[in-house]
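Trainee: I am new to this structure. Could we walk through it together, step by step?

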Amino acid sequence: MDDIRNIVILTGAGISAESGLRTFRASDGLWEDHPVEEVATPEGFRRDPGLVQRFYDARRADVQAAVPNAAHLALGELDMRWKGELLIVTQNIDDLHERGGARRVLHMHGEALSAWCTSCDTRRRWTGTLRDNPPCPACGMAALRPDIVWFGEMPYRMGEIFQAIGRADLFVSIGTSGAVYPAAGFVEEARRTGAHTLELNLEPSLGSRLFDEARLGPASELVPAFVAELLQK
Ligand code: APR
């Protein structure tokens, strides 16, 4: 990994597992005991908005109770010290990257600590609950929903992500199963544009064979070692 200037890092639920936030596919397709179709689709929200609001109220509380682990802190240090381009594209809805010191973070699947008004389209930091349909602070309508990209909805800022991958010399995937597109396809784009590709994961992901290099183990060990290797160059 020589002459690296521009880096794109994709993270998934595995980087937050050691902070106590459960991953998606560890519990046979259930997310906190709910089928994702029930709580992570527009249809599920239309069918039972109360269930979905309560589900994300619980996720919002879990996120605020969790603390960044050594992997988040290492990426925070990398962000503070890396002179080239760096973009952390996360599929996670927690704010542990930010609380670990990272600034150049892009939440492609939205954020648990954000509420989105379906009436006036504003988004706002939200640490409380939505189950009682509070009024939107901007327009006063009771039309707030979790600011989460559900299955069937378009992930955020895809153009920006592909531009960053197009400039990257290094693409690193951390703690993701490679089960969900478009994130699972980013490694192919990185290879196409000539980046070195590295996977850091507890077990081989579905796309492992697409990576130039794969290191297996817990993120709390692999990521600090990877960052130290990069920064000593
Ligand atoms: N360290 C590193 N990797 C880990 C750890 C750990 N401590 N614990 C688990 N992993 C790995 C697992 O081996 C798995 O490959 O993290 C990955 C987690 O995979 P998923 O549960 O599928 O989570 P993720 O890849 O983020 O899911 C992608 O799917 O459900 C949707 O929108 C949701 O953003 C989510 C997307």
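**Overall fold and selected residues**

Trainee: What share of the 233 residues of the protein chain counts as buried?
Mentor: Keep in mind that this is a predicted model. Buried here means under 20% relative accessible area. Among the 233 residues of the protein chain, the share that counts as buried is 53%.

Trainee: How many helices and strands does the protein chain have?
Mentor: Both kinds of element occur in the protein chain. The secondary structure comes to 8 helices and 11 strands.

Trainee: What radius of gyration does the protein chain have, and why does it agree with a compact globule?
Mentor: Start from the length, 233 residues. A compact globule of that length would have a radius of gyration near 17 Å. The protein chain agrees with that, because its radius of gyration is 18 Å.

Trainee: What box do the C-alpha atoms fill?
Mentor: Take the box along the principal axes. The C-alpha atoms of the protein chain then fill roughly 55 × 35 × 30 Å.

Trainee: What part of the accessible surface belongs to carbon and sulfur atoms?
Mentor: The accessible surface of the protein chain comes to about 10,700 Å². The part that belongs to carbon and sulfur atoms is 52%.

Trainee: How many Å apart are the mean positions of the positive and negative charges?
Mentor: The protein chain has 25 positive and 33 negative charges. Take the mean position of each set. The two are apart by 4 Å.

Trainee: Among contacts between residues at least 6 apart in sequence, what share joins residues at least 24 apart?
Mentor: Contact means heavy atoms within 4.5 Å. Count the contacts between residues at least 6 apart in sequence. The share joining residues at least 24 apart is 64%.

Trainee: Now single residues. With which side chain does the side chain of threonine 90 make a polar contact?
Mentor: Threonine 90 is found in strand β4, residues 86-90. Its relative accessible area is 0%, so threonine 90 is buried. Beyond its neighbours within four places in sequence, threonine 90 has contacts that include His97, Val105 and Met108. Its side chain makes a polar contact, at 2.7 Å, with the side chain of threonine 11.

Trainee: Is leucine 78 buried or exposed?
Mentor: Leucine 78 lies in helix α4, residues 70-81. Leaving aside neighbours within four places in sequence, leucine 78 is in contact with Ile9, Leu86, Val227, Leu230 and Leu231. Its relative accessibility is 0%, so leucine 78 counts as buried.

Trainee: What distance separates the C-alpha atoms of leucine 78 and phenylalanine 226?
Mentor: Along the chain, leucine 78 and phenylalanine 226 are 148 residues apart. In space, their C-alpha atoms are separated by 9.9 Å.

Trainee: How many Å apart in space are leucine 113 and aspartate 147, C-alpha to C-alpha?
Mentor: Leucine 113 lies in strand β6, residues 110-117. With a relative accessible area of 7%, leucine 113 is buried. Leucine 113 and aspartate 147 are 34 residues apart in sequence. C-alpha to C-alpha, they are apart by 7.9 Å.

Trainee: How many Å apart in space are threonine 197 and aspartate 212, C-alpha to C-alpha?
Mentor: Threonine 197 has its place in strand β10, residues 196-201. Leaving aside neighbours within four places in sequence, its contacts include Phe171, Val187 and Asp212. Threonine 197 and aspartate 212 are 15 residues apart in sequence. C-alpha to C-alpha, the distance is 5.2 Å.

Trainee: Is alanine 58 buried or partly exposed?
Mentor: Alanine 58 lies in helix α3, residues 49-65. The cut-off for buried is under 20%. Alanine 58 has a relative accessible area of 30%, so it is partly exposed.

Trainee: Let us turn to the backbone. Which residue does a cis peptide bond join to tyrosine 181?
Mentor: Omega of this bond is about 5°. The partner lies in the loop between β9 (170-174) and α7 (186-192). The residue joined to tyrosine 181 is proline 182.

Trainee: What is phi of asparagine 133?
Mentor: Most residues other than glycine have a negative phi. Asparagine 133 is found in the loop between β7 (123-125) and β8 (144-148). Its phi is positive, near 50°.

Trainee: What is phi of arginine 157?
Mentor: Arginine 157 has its place in the loop between β8 and α6 (158-167). With a relative accessible area of 45%, arginine 157 is partly exposed. Its phi is also a positive value, near 55°.

How values were computed
Residues are numbered from 1 along each chain as its sequence is written. This is a predicted model: local features need pLDDT of at least 70, side-chain atom pairs count only at pLDDT 80 or more; totals for chains, interfaces and linings use all residues. Side-chain values use heavy atoms; hydrogens and water are left out. Helices (H or I, at least four residues) and strands (E, at least two) are DSSP runs, numbered from the N terminus. The radius of gyration is taken over C-alpha atoms; the globule rule is 2.2 Å times the number of residues to the power 0.38. Buried means under 20% relative accessible area, exposed over 50%, partly exposed in between (1.4 Å probe, protein chains only). Accessible areas come from the Shrake-Rupley method with a 1.4 Å probe; for residues, only the protein chains shown count as cover. Lys and Arg count as positive and Asp and Glu as negative; His and the chain ends are not counted. The place of a charge is taken as NZ of Lys, CZ of Arg, CG of Asp or CD of Glu. A polar contact is a pair of N or O atoms within 3.5 Å; within protein, one must be able to donate a hydrogen and the other to accept it, and residues adjacent in sequence count only if both atoms are side-chain atoms.
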